[in-house]
Amino acid sequence: MPLNVFQDKDGLPRIVLTDPNGSSAEVLLYGGHIVSWKNQRKEELLFMSSKAKWKQHKAIRGGISACFARFGDVGSLEQHGMTRNRMWSLDRDPSPLPPIDNHSSVDLILKSTGVDLKTPQSFELRLRISLSTGKLILIPRVRNTDNKPFSFAFSLCNYLSVSDISEVRIEGLETLDYVDNLMNRSRFTEQADAITFDGETDRVYLHSPNKIAIIDHEKKRTFVLQKNSLPDAVVWNPWNKKAKALPDLGVDDYKMMLCVNSAAIDTPIILKPCEEWKGYQEISTVSSSYCSGQLDPRRVLYGFQ
């Protein structure tokens, strides 16, 4: 299927993926950033900040983006890595990834350069984005094109659109150890039966399962996040005080967003020369009426009948 590429109003190349049943996704070459994902009813599934900066050299707040080489405040590279404020390219090389039937896809690539990257390593970062009805798949790949090994952290940062953060719960992370970034990166064990929100949250759940459910009571919708080779899960919401301090986030935007990220942070990935790492993330949506007891989250997570 030929790609629909055009210049948006901010002068950024934008790619539109469409599905025969009416769902769509929009991807910017700037940052390799997914800025929209709509279902067949044209409902937006991703959150975009009301104050997002749509100019180059700044990361865009919202959507889905890849954070590579450094995550958070650890390390010597800019926060969340250097991939979100670089211009990616369409990957014209034949992909070793097989095509997926009934999916609309785009392959992107970002290559290291000695000019604008504050890292001595040489690498290639590829990202396949595939859309089908009710499903968005991302397959990131990192290849070491250097002559020496290097290590890195990686995350797919997912800003999900929710009705009201206080009406959302996450199933699948209970009993796990986590790093609390609000408590000097101290480690704790999750004691709650499910994660709910009544204040700022910034945690990295370690060795998380490959399937996580994010249940939105008010919208009666559940996001199902599936992942491979991304063992950690980041959960973030800035709440009201932090939201006011972020110049690219509206004061009340925190109420309508939740970040649940697929990540490899706690144990860095190590690549020898010419080696390649591949991750996988799939986000799907299912209708649910959890608040009336009609949805058993165990069926979403474990496929119980």
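A residue is called buried here if its relative accessible area is under 20%, exposed if over 50%, and partly exposed in between, using a 1.4 Å probe and protein chains only. By that yardstick, buried residues make up 55% of the 305 residues in the protein chain. The model is a predicted one, in which local features need pLDDT of at least 70 and side-chain atom pairs count only at pLDDT 80 or more, while totals for chains, interfaces and linings use all residues. Residues are numbered from 1 along each chain as its sequence is written, and side-chain values use heavy atoms, with hydrogens and water left out.

## Overall layout

Helices (H or I, at least four residues) and strands (E, at least two) are DSSP runs, numbered from the N terminus. On that basis the protein chain has two helices and 20 strands. A contact means heavy atoms within 4.5 Å. Of the contacts in the protein chain with a separation of 6 or more, 65% come from residues 24 or more positions apart. The chain exposes about 14100 Å², with carbon and sulfur atoms supplying 48% of that area; accessible areas come from the Shrake-Rupley method with a 1.4 Å probe, and for residues only the protein chains shown count as cover.

## Nonpolar cores

A nonpolar core is a set of buried Ala, Val, Leu, Ile, Met, Phe, Trp, Tyr and Cys residues joined through side-chain atoms within 4.5 Å. The largest one has 67 residues, and I129, I170, I214 and L258 have the most contacts inside it. Leaving out residues up to four places away in sequence, I214 touches L160, V168, R169, I170, R221, T222, F223, L225, L258 and V260. There is also a second, separate core of six residues, including L12, Y30, A52 and I60.

## Aromatic pairs

A pair of aromatic rings is described by the distance of the centres and the angle of the planes. Rings of Phe, Tyr and Trp (its six-membered ring) pair if their centres lie within 6.5 Å; planes under 30 degrees apart count as stacked, over 60 as edge-to-face and the rest as tilted. Searching the whole structure gives eleven such pairs. F154 and W277 make a tilted one, with 5.1 Å centre to centre and 55° between the planes. This pair links distant parts of the chain, since F154 sits in strand β10 (residues 150-161) and W277 in strand β19 (residues 276-278), 123 residues apart. Both F154 and W277 are buried.

Strand β10 supplies another ring too: Y159 pairs with W236 of strand β17 (residues 232-237), so parts 77 residues apart in sequence are tied together. The ring centres of Y159 and W236 are 6.2 Å apart and their planes stand at 80°, so this pair is edge-to-face. Y159 is buried at 4% relative accessibility, and W236 is buried at 11%. F154 and W277 also belong to one aromatic cluster with F68, F123, F150 and F152.

## The annotated site and L110

Which residues does the UniProt annotation "binding site" cover? According to that unreviewed entry, they are R61, Q79 and R84. UniProt positions are given in the numbering used here, feature names are shortened, and annotations may be inferred rather than shown by experiment. R84 lies in the loop between β5 (64-68) and β6 (89-90), and counts as buried at 10% relative accessibility. Apart from neighbours within four places in sequence, R84 is in contact with Y30, G31, K58, A59, S65, A66 and C67.

L110 is placed in strand β7 (residues 104-111) and is buried, at 6% relative accessible area. L110 and G32 are 78 residues apart in sequence, yet their C-alpha atoms are 8.5 Å apart in space. Residues touching L110, beyond those up to four places away, are T83, R86, M87, W88, F123, E124 and L125.

## Cysteines

A disulfide requires a pair of cysteine sulfur atoms within 2.5 Å, and the count comes to zero. The sulfur of C259 is 4.4 Å from its closest cysteine sulfur, in C157, which is too far for a bond. C157 is buried at 7% relative accessibility, as is C259 at 1%.

## Positive phi values

Two residues other than glycine with positive phi are listed here.

| Residue | Phi | Loop | Relative accessible area |
|---|---|---|---|
| T175 | near 75° | between β11 (168-171) and β12 (177-180) | 60%, exposed |
| H207 | about 50° | between β14 (201-205) and β15 (211-216) | 59%, exposed |
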